[in-house]
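Visitor: Mind walking me through this one? I'd like to go from the overall picture down to the details.

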Amino acid sequence: MSAQNQNSESLGPPKGVGPMQRREMWLAYLMLAPTFAIILMIVAGPLLANFWISVKPVQLADLRPPTVLVNERVRGGPEAAGDSAELEYRLRNSSQEEEVRDVVLTDAIPAGFDVTALPDVCALDESALTCTIGTVEPGWRERLKIEGTVTEAFLAANRPERASKPVIAGDADNILTSFDFTLDNFRRIFSAEEFWSVLRVTFYYTIFGTGGALVLGLFAAQLLNTVFKGRGIVRGLFLFPYVSPVIAVAFTWVVLFDPFSGTVNALLTKMGVVSDPINFFGQRAIEYSLFGIPMEFPLALTTVIAFEAWRYFPLSFLFILARMQSINTDMYEAAEMDGATPLQQFWYLSLPQLMGILSVLFLLRFIWTFNKFDDIFLLTGGNAGTRTLTVDVYEQGFALSNLGAGAAVAVVVFVVLVTFATLFIRFSPKEEGL
Amino acid sequence: MRPGSILLAAVTGLIWGVTSIVVVAVTLTLITGEVALPQATAAGIAGLISALVFVWRQSSGAEGGLPAWALAAITMFVLLMIGSFAAPFNLSLGTVPVWQGLALIVTILGATWATTVCLNGARLGAMSRYEREVIYIRIAKGVGFVIFTIIVALPFYVMVMTSLKSQQTLLANPLDLSIDLSQGLDGLFRSYVELFTQFNFGRYLLVSAYVSVATVILTLLFSVPGAYAVSRLRFPGQAFLSRSVLLIYMVPAIVLVIPLYAVFSQLGLRNTLTGLLIVYPATTIPVALYMLQGYFRGIPSELEEAGLMDGLTRIGVILKITLPLSLPALASVSLYVFMIAWNEFLFAFMFLDNPDIFTLSRGVVSLNSSEVPRQHLMAGAVIATVPVLVIFLWFERFLVQGLTAGSVKG
């Protein structure tokens with residue numbers, strides 16, 4: 001291709017998009033298409049849908065759209081061939097508020113049942129029954145009776161009316177797709193007294209959880225930055241909290257700190273450290289006074305933060321260790337020659353080298369801790385002053401069955417998050433390659 | 001003789017004396033179930049004096065006789081026994097004598113060993129700032145090791161041991177985390193047997209394995225071509241696309257839960273494994289794509305160009321050159337995605353109602369009720385943890401690589 005180009009117009013490299021490059025471009029789009037399709041469908045779509053739901057008055061129960069329920073039975077107790085009997089359909093609108101339109105019932109008449117009389121709305125074609133009922137009111141009930149006589153085949157069969165299930169078709173307004181908007185959800189969550197305390201708890205949890213994990217990780221990395229026998233094993237052990245399933249470690253902590261049968265409380269009371277067992281995950285606050293000023297120590301929140309730091313220190317530990325091992329040792333040798341003490345070496349050489357990775361880790365962990373739901377939900381269920389925004393989404397949406405309010409809280413989560421992400425993009429040091 | 005140096009040696013001995021006896025006493029309590037009260041004051045003073053003896057002996061330069069560490073150990077033993085009236089754990093000599101003796105030996109040797117390592121080279125005379133800081137750091141590291149090992153290992157130890165107990169023994173003495181061999185193997189593993197026979201855990205295990213493996217396969221099918229395109233092919237929007245993929249894993253799952261719950265309910269996908277297998281890959285693909293493209297960039301493009309020159313198509317190049325060269329990356333991505341899918345809790349919890357298709361996470365949550373005894377819950381936790389930990393330990397090198405390369409989502 002380039003040879004041809006040079007022949008035709010020997011004026012430097014070709015301009016514009018050549019056919020080969022175009023082919024490459026399309027190939028790239030084709031290869032990325034499935035990834036983007038699924039991400040749009042499962043991540044971007046729901047994000048937008050969440051905004052939609054947050055301005056709609058939708059309850060958990062609204063997810064089941066109104067429909068007509070039907071129940072079929074045989075009446076009249078036919079005993080011999082030729083007896084008359086009745087096939088009865090009981091119909092009911094499942095909703096007390098919504099009408100259902102264009103209701104049509106279709107069913108197959110059981111074998112051996114000879115129809116003698118039909119309700120007006122129904123029509124029979126061979127054994128196929130079609131009843132066109134039309135629009136029904138909220139809370140509507142009706143019985144459709146089909147009279148007929150039975151034959152030997154009908155009596156011989158066990159519950160012959162069960163052979164085919166009646167099928168109901170009908171349209172109803174679905175609250176999710178209607179254009180019925182409200183700002184009640186936002187009004188409700190912002191005016192709730194606990195919302196601001198939830199917000200405060202979220203920030204405490206995020207900041208101290210992140211900080212705790214980083215400090216523990218930095219310390220652990222210092223421990224393992226020397227060569228000794230069994231270092232691999234210790235490193236593996238230190239990663240356990242991070243790689244284990246969250247349900248396993250969360251429930252273990254709950255059992256470990258249980259006020260009645262927990263090991264920690266048993267140890268503390270038996271060894272005389274405390275007189276009464278402490279309910280680490282259930283007690284909102286411990287009151288104490290500092291210089292005569294009454295203060296509160298948020299116990300459950302602190303325990304949850306400790307769990308967060310415990311579970312995620314391995315991640316920062318791994319990153320910091322990797323960074324420390326890539327620091328050039330010449331620098332330390334030079335410092336050693338100049339008589340720098342170990343703490344000076346750490347403070348003036350190691351720490352500045354680690355600042356980059358530490359700030360990236362802080363921002364990443366900050367966002368992920370902010371997003372965290374599982375841990376608190378499993379440890380306290382958001383009780384005892386540990387409800388964060390993410391737990392509040394669940395609480396509003398599913399525990400209180402108000403999907404709209406839950407989505408509104410999720411919108412708050414998302415807005416706060418976008419703020420952080422913007423900061424992250426702006427301040428992330430590029431050279432760390434994250 | 002300098003007061004500062006004496007103080008440093010004394011504090012070192014004090015710290016190790018106290019740490020050692022507390023750790024050993026707690027361990028003794030958990031192993032035997034007898035409440036061992038550590039006589040911390042006595043042990044601290046014993047450690048303090050023995051450290052001074054050690055430093056004095058070490059720096060006196062005397063030849064022959066007992067080595068300095070043995071002298072320190074003997075000093076510690078004598079002082080500890082005197083100070084605690086021959087009951088360092090506040091237990092009478094008759095209770096669990098073998099364990100007590102062992103614990104005493106471990107306490108003294110542990111304290112002495114730690115002290116001698118920390119104070120190796122220390123003097124009672126003047127020491128430079130450098131020498132003192134070396135000792136500070138040794139102490140901090142030593143204490144750090146003890147604390148980290150305890151906080152990491154204790155929960156897992158409690159998890160395993162609780163799962164092997166029976167309800168009565170747990171309530172009778174929560175401190176008794178010993179293995180009671182007298183009840184036989186049946187009694188020991190009763191919780192596990194009941195989980196597998198009555199609580200359907202065999203099925204949960206299979207479902208979890210199926211979901212995790214399927215997620216890995218789907219993720220690779222999607223992310224390998226995507227990563228290749230981002231790393232090798234030139235097209236407009238390349239930088240934007242690879243950046244926006246990163247942004248995806250900042251999106252909190254809880255924001256997606258309500259819309260997905262609503263939509264999946266309407267589509268009838270909610271209470272199905274298909275639903276999970278749509279959501280899981282969507283959350284893992286961005287991470288996998290990010291990890292893989294980093295690796296693909298590291299493969300010399302000359303190799304691929306040579307393949308193209310020799311008449312391979314792009315697909316041929318990927319299958320015959322790129323993928324075989326990136327097997328380590330594929331392995332770490334697969335393991336990593338497997339772990340995410342295996343450990344996933346939120347969507348499994350929200351979507352699955354039908355006990356026939358519970359994943360392990362969902363199954364263990366269903367054990368968390370007042371009707372199910374605690375040891376069953378812990379046994380469930382062990383069942384959920386063991387496969388992940390086995391895989392992790394087996395492939396640790398790959399995984400650590402993957403964890404740092406992909407900057408794991410947690």
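**A tour in questions**

Guide: Sure, and keep in mind that this is a predicted model. To start with, buried residues account for 36% of the 434 residues in chain A.

Visitor: Is chain A a compact globule or more spread out?

Guide: Chain A is built with 14 helices and 10 strands. For 434 residues the globule rule gives 22 Å, and the radius of gyration of chain A, at 34 Å, is well over that. Along the principal axes, its C-alpha atoms fill a box of roughly 115 × 95 × 50 Å. So, next to a compact globule, chain A is more spread out.

Visitor: What share of the contacts in chain A with a separation of 6 or more comes from residues 24 or more positions apart?

Guide: Take the contacts in chain A with a separation of 6 or more as the pool. Within that pool, the share from residues 24 or more positions apart is 72%.

Visitor: How are H5(A) and H9(A) oriented to each other?

Guide: Helix H5 of chain A covers residues 193-224 and helix H9 of chain A covers residues 299-325; their axes come within 5 Å and cross at roughly 45°. Angles under 35 degrees would count as roughly parallel, and 65 to 115 as roughly perpendicular. The crossing of H5(A) past H9(A) is right-handed, and by class their contact has 21 nonpolar, 4 polar and 1 charged residues. The two helices are therefore oblique.

Visitor: Which helix gives the most to the side of chain B that touches chain A?

Guide: That contact takes 75 residues from chain A and 87 residues from chain B. The chain B side divides into 65 nonpolar, 14 polar and 8 charged residues. With 17 residues, the one that gives the most there is helix H5 of chain B, residues 129-163.

Visitor: Asp102(A) has a positive phi: what is its value, and where does the residue lie?

Guide: Asp102(A) has 13 C-beta neighbours inside 10 Å, so it counts as partly exposed. Asp102(A) is a residue other than glycine, and its positive phi is near 55°. As for where it lies, that is strand E3 (residues 100-108) of chain A.

Visitor: Where does Ser401(A) lie?

Guide: Ser401(A) is another residue other than glycine with a positive phi, near 60°. Ser401(A) has 13 other C-beta atoms within 10 Å, and 20 or more would make a residue buried, so Ser401(A) is partly exposed. Its place is the loop of chain A between helix H13 (389-399) and helix H14 (403-427).

Conventions. Residues numbered from 1 in each chain as written. Chains lettered and ligands numbered in written order. Predicted model: local features only at pLDDT ≥ 70, side-chain atom pairs only at ≥ 80, totals over all residues. Axes fitted to C-alpha atoms, helices over the stretch in contact; angles between N-to-C directions. Helix = DSSP H or I, 4+ residues; strand = E, 2+ residues; numbered from the N terminus. Parallel < 35°, antiparallel > 145°, perpendicular 65-115°, else oblique. Left-handed = near helix turned anticlockwise from the far one by under 90°. Nonpolar A, V, L, I, M, F, W, Y, C, P; charged D, E, K, R; others polar. Rg over C-alpha atoms; globule rule 2.2 N^0.38 Å. Buried ≥ 20, exposed ≤ 12 C-beta atoms within 10 Å, placed from the backbone. Contact = placed C-beta atoms within 7 Å.
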